[in-house]
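The following exercises ask the reader to examine a structure step by step. Each task is followed by a worked solution.

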Amino acid sequence: MSESLVVHPALVMIAGALLLPALRGSARDAGVLLVPALTLAALLALPEGDLWQMQWLDYQLAPLAVDKLSRLFAIIFALMSLAGGAFALRQPSRLEIPAAYLYAGSAIGVVLAGDLITVFLFWEFMAVGSTLVLWSAGTPGAWAASRRYVAVHLAGGVILFAGVTGHLLDTGDASFTRMQLDSVAHWLILIGFLINAGAPPFSAWLPDAYPEASWSGTVFLSAFTTKTAVYVLLRGFPGSEILIWIGIFMIFYGIVYALLENDMRRILAYSIVNQVGFMVTGIGIGTEMALNGAAAHAFSHIIYKALLLMSAGAVLAATGRRKCSELGGLFHSMPLTTICGTIGALAISSFPLTSGFISKSMVTQAAIDGHLQVVWLFLAAASAGVFLHAGIKFPWFVFFQKDSGLRPPDPPASMRWGMIVFAFLCIALGIWPDPLYALLPYPVDYVPYTAAHVITQLQLLLFSGLAFFVMLDYLKRTPTITLDTDWLWRVAGPAVARVFAAALGKLRTALSGEIDHGFQSLALFISRHRQPDGLLMRSWPTGSMAWWVMVLLLTYLLLYYV
Amino acid sequence: MNAAEHLPALQVVLPLAAAPLAVLIRHRLTAFLLVLAAIWSAFAISVLLWLQVGDSGPISYAIGNWPPPWGIEYRVDALTALVLMLVSGVAAVVLPYSRASIEHEIASDLHYLFYAMFALCVAGLLGIAITGDAFNLFVFLEISSLSSYVLIALGRDRRALVASYQYLLMGTIGASFIVIGVGLLYLETGTLNMMGMAIRLQGLTGDRAVLAALAFLTVGISLKLALFPLHQWLPNAYAYAPSAVSAFLAATATKVSVYALLRFYFSIFGETAIFQRLPMADFMLLLALAGMFLASTVAIFQQDLKRLFAYSSVAQIGYIVLGISFDSVTGVTATLVHMVNHAVTKGAIFLLLGGVMLSLGGITLTRVQGMGRSMPLTSFGIVLCGLSLIGVPGTAGFVSKWYLILAALEHGQYWLVGAILSSSLLAVVYVWRFVEVAYFRAPLPGDEVRREAPLSMLIPAGLLVVATIWFGFDTSLTVGIASDAAQELVRSGR
């Protein structure tokens with residue numbers, strides 16, 4: 001491999017993102033497809049090892065370090081950008097694809113970084129890129145969401161940075177290797193990572209922001225932030241037991257909220273949290289099988305989740321509606337979208353012969369191998385839950401169910417191809433998992449298609465499918481109430497608030513007088529000093545400046561002589 | 001004798017001679033070319049001197065071949081080389097910019113005067129840095145000050161006159177304090193040569209006249225430095241001066257005063273016992289912190305962008321002085337790195353603001369709203385520099401704050417880390433005010449079309465913006481020289 005081929009793929013992507021706004025017409029369309037393709041080519045040309053080294057302050061940096069794990073994530077990120085770019089080709093916002101490529105390029109930068117400083121730098125760029133993607137939707141909802149989103153991520157960035165700084169000062173070594181949870185710095189790094197993974201108690205940013213993006217923006221958003229977090233956890237904290245329980249919490253959080261939800265894209269957003277939960281659990285288990293499973297699951301998850309969001313995006317673009325209760329019966333006029341969406345739904349439910357089956361089962365298998373019965377039980381129960389909320393609920397209410405009377409056509413060719421390619425990949429990986437297994441960080445000693453695996457999985461799916469249709473009447477009622485979770489805000493929330501209010505009432509009245517007074521005098525103080533003639537604002541007369549000179553001189557003399 | 005030996009003299013003489021020539025010529029293009037040639041060669045000389053210092057250690061040059069105790073000595077060490085390159089480098093960038101900029105700000109029959117004063121100011125600042133003679137330092141300080149009063153007064157805004165007048169009064173008080181201090185030192189030591197003073201001061205512990213000299217020098221230099229609360233001349237002077245002058249002074253004038261402070265503190269008083277037992281550091285720390293917080297807070301409420309960034313300069317000087325107050329190699333390194341980084345950053349901002357002034361005719365926050373659309377490059381440049389003021393990683397400002405934090409930790413003062421970070425948050429606020437106005441408000445009617453400043457202004461400004469980012473990644477130049485210089489300074493003090 002000659003030296004000249006060592007091009008940083010993330011920089012290819014980011015440079016492309018910066019060039020795209022200058023292009024117009026078919027040159028731009030070609031550019032949209034070419035940039036990720038070139039990135040992928042640059043990536044495949046890289047040998048393994050620390051390819052770039054540089055010195056920054058007193059630290060040795062490795063901005064480009066390749067091993068199997070980082071290559072796996074970088075490949076899927078580049079693939080995702082390619083399919084996402086194709087899907088978003090007809091998106092009217094000119095900002096979105098460049099922003100998405102900046103975002104994707106930064107994500108690739110994180111996974112190819114061999115040191116914590118580079119990780120942090122690209123981490124922040126990722127926050128900027130994703131905020132811009134969200135922003136480019138151009139709706140007031142997206143604007144408001146982007147502000148909350150950026151606040152959470154900047155806060156996460158600050159926590160991460162504090163952790164990285166502490167780590168540097170403790171060890172003097174910037175390289176990004178496995179860390180133990182033995183110091184405050186490492187805990188801060190873990191928290192910074194987990195915020196991006198959508199872990200509790202910060203998981204709310206994800207379902208809050210993602211559904212507000214444009215029909216194509218959500219596709220990009222779903223892929224990078226959480227999966228980059230999975231990658232850094234894989235590299236930094238494999239086998240940290242706390243991650244098992246955080247992961248399981250995320251799995252059930254996702255399921256419960258997705259079942260209560262009515263907005264089709266919000267259902268899918270909750271299911272991201274749920275699926276990332278599987279990966280985080282795998283990282284927490286920490287055996288080679290589990291880590292392989294987490295990596296493989298991230299790979300296949302990106303594909304089927306993007307596919308699901310593409311089909312939801314196609315529906316949204318065609319109908320302008322997001323709520324399950326307003327949709328239904330679309331299979332009449334959108335057959336292709338229905339098929340692709342259903343394939344995505346089957347894959348997320350880990351149906352045999354889909355990509356979800358060959359990856360998620362590795363995590364469950366690792367739980368069995370590690371004799372973690374409780375964890376296994378949770379995972380199995382969750383698998384059934386996934387089928388309920390994403391595998392059946394999403395396609396059933398959107399494409400089938402009652403006929404809503406809508407007859408929108410299938411989306412234009414560029415969007416169709418994005419979906420077809422990913423649908424194909426979902427099935428292909430399910431049938432021939434070996435190419436994916438070959439990319440995994442550890443040697444794979446796992447056969448997905450044994451009779452026991454297939455039968456267990458089918459039983460699970462069968463019974464939860466049965467449960468869905470048995471309880472359909474109950475689940476159907478969901479759409480008639482606009483939002484099930486509303487209950488939380490409307491009934492439970494105020495009830496809790498009343499209890500608190502009663503308890504805190506006296507305290508509050510006592511305090512509020514004080515606080516009001518404090519704020520009033522603060523406001524008065526500020527307004528007094530904000531005015532042009534305020535103490536600090538006005539230009540002082542020369543005399544008072546000279547007076548200060550004397551004061552200072554006397555102070556110094558006093559200090560010296562005493 | 002070959003010319004290379006006379007580089008230290010040429011460093012100052014070239015711009016100094018260009019000034020009267022420019023006045024004699026009275027033709028603005030010729031004057032411009034002459035001064036440009038002088039300043040660009042001064043920059044080249046400063047780089048050569050730096051290389052020489054790197055090769056063969058400090059250079060001592062006796063003016064007129066009179067050896068040091070009798071004649072004036074020019075002395076170039078790592079610190080001097082750094083300041084020389086900074087001053088002449090910024091001047092070399094600002095001068096080409098000024099040609100288009102003063103076209104709109106200064107009456108054209110005064111242009112030759114502008115160039116003459118500019119050359120004189122550069123000569124003065126370079127002289128302060130290079131001289132090894134305490135009285136000579138005062139002379140150059142006066143040369144640079146007097147010429148900068150004229151430069152500020154050239155501003156078309158009539159408030160420039162008042163600002164310049166105030167600066168003149170305050171500057172003169174400062175200069176007299178410095179000359180009193182130097183005089184007292186001369187009385188006590190019998191020499192004006194800095195090295196000589198340093199040696200003789202070692203025997204004079206507890207001498208009241210020496211203490212008074214130190215106090216006078218500290219206050220005098222603090223005034224020129226715009227250390228809180230002696231900063232009040234600065235915002236108006238920067239705000240109403242012509243754009244090129246604001247940029248040049250913001251980038252260099254206070255930085256050279258920092259140099260003078262370091263020189264007096266570490267090279268002259270450093271080896272005496274006085275310095276160590278005075279509560280100096282604590283008091284400076286206090287003033288630095290007050291500057292960081294109060295000036296940043298005041299900056300938040302400014303309406304005029306030039307004033308906003310002028311107050312931010314006062315705050316940044318707080319960081320610079322904070323580094324000195326640690327009295328350690330890391331602390332002084334932080335000071336020097338921040339001196340360079342802030343010079344580059346602030347220089348870039350004021351150059352960009354000059355372009356805004358030219359295109360939009362005003363730089364109040366209400367005037368520039370929506371300029372993200374009409375002047376995308378300029379706005380983006382200001383935002384990048386703003387990030388550097390905040391200290392975002394990947395910009396120059398981060399590197400200097402990093403060293404400040406290291407110095408604070410080294411000192412065991414953890415609360416200071418919190419103070420540095422929280423004052424950075426104030427910078428976030430005032431930078432965000434610009435971002436919000438420039439990007440999230442609709443442009444004023446008539447501003448929708450693109451109208452960037454002319455290229456002759458954009459390119460110099462762009463150079464400094466690139467340098468702001470460059471020094472955030474490649475720290476070998478800034479931190480390299482700064483830590484060498486800091487080691488020399490603090491070692492000579494221990």
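**Exercise 1. Determine how chain B is divided into domains and how its domains meet.**

Solution. Step 1: the assignment for chain B lists domain 1 (1-278) and domain 2 (279-486); such bounds come from an automatic or database domain assignment. This is a predicted model, in which local features need pLDDT of at least 70 and side-chain atom pairs count only at pLDDT 80 or more, while totals for chains, interfaces and linings use all residues. Residues are numbered from 1 along each chain as its sequence is written, and chains are lettered from A and ligands numbered from 1 in the order in which they are written.

Step 2: taken over C-alpha atoms, the centres of domain 1 and domain 2 of chain B are separated by 23 Å. To their contact, domain 1 of chain B contributes 36 residues and domain 2 of chain B contributes 43 residues. Two residues are in contact if their C-beta atoms, placed from the backbone, lie within 7 Å.

Step 3: on the side of domain 1 of chain B that touches domain 2 of chain B, two or more residues come from each of α3 (78-103), α9 (233-240) and α10 of chain B. Helices (H or I, at least four residues) and strands (E, at least two) are DSSP runs, numbered from the N terminus. The residues of this side of domain 1 of chain B comprise 27 nonpolar, seven polar and two charged. Here Ala, Val, Leu, Ile, Met, Phe, Trp, Tyr, Cys and Pro count as nonpolar, Asp, Glu, Lys and Arg as charged, and the others, Gly among them, as polar.

**Exercise 2. Locate the largest nonpolar core and describe its composition.**

Solution. Step 1: a nonpolar core is a set of buried Ala, Val, Leu, Ile, Met, Phe, Trp, Tyr and Cys residues joined through C-beta atoms within 7 Å. A residue is buried if 20 or more other C-beta atoms lie within 10 Å of its own, exposed if 12 or fewer, and partly exposed in between, with C-beta atoms placed from the backbone.

Step 2: the largest nonpolar core has 215 residues, and B:Val35, B:Leu82, B:Val87, B:Ala119 and B:Val122 have the most contacts inside it. Helix α10 (residues 243-268) of chain B gives the largest share of this core, 18 residues. Because both domain 1 (1-278) and domain 2 (279-486) of chain B give residues to this core, it lies between them.

Step 3: not counting residues up to four places away in sequence, B:Val35 touches B:Ala18, B:Ala22, B:Leu95, B:Tyr115, B:Phe118 and B:Ala119. Apart from this core lies another, of 181 residues, including A:Ala142, A:Ile244, A:Leu316 and A:Leu436.

**Exercise 3. Describe the paired strands of each chain.**

Solution. Step 1: two strands pair if DSSP finds at least two bridges between them. In chain A, strand β1 (residues 49-56) runs antiparallel to β2(A), joined by six bridges. A:Gln55 has A:Gln60, in β2(A), as its bridge partner. The hairpin of β1(A) and β2(A) has two residues between the strands, and A:Leu57 in this hairpin takes a positive phi near 50 degrees. Strand β2 (residues 59-66) of chain A is largely enclosed by the rest of the structure, because six of its eight residues are buried.

Step 2: in chain B, four bridges connect strand β1 (residues 59-62) to β2(B), and the two run antiparallel. B:Tyr74, in β2(B), is the bridge partner of B:Tyr61. From strand β2 (residues 73-76) of chain B, B:Glu73 and B:Arg75 point one way and B:Tyr74 and B:Val76 the other way, and all are buried.

**Exercise 4. Place A:Tyr231 within chain A.**

Solution. Step 1: chain A has 21 helices and two strands, and 51% of its 562 residues count as buried.

Step 2: A:Tyr231 lies in helix α9 of chain A. This residue counts as buried because it has 26 C-beta neighbours inside 10 Å.

Step 3: leaving aside neighbours within four places in sequence, A:Tyr231 is in contact with A:Phe73 and A:Val111.

**Exercise 5. Characterise the contact between chain A and chain B.**

Solution. Step 1: 22 residues of chain A and 31 residues of chain B take part in the contact.

Step 2: on the side of chain A that touches chain B, α5 (116-135) and α21 (542-561) of chain A each supply at least two residues. The largest share of that side, 12 residues, is from α21(A).

Step 3: the residues of that side of chain A divide into 19 nonpolar, two polar and one charged.
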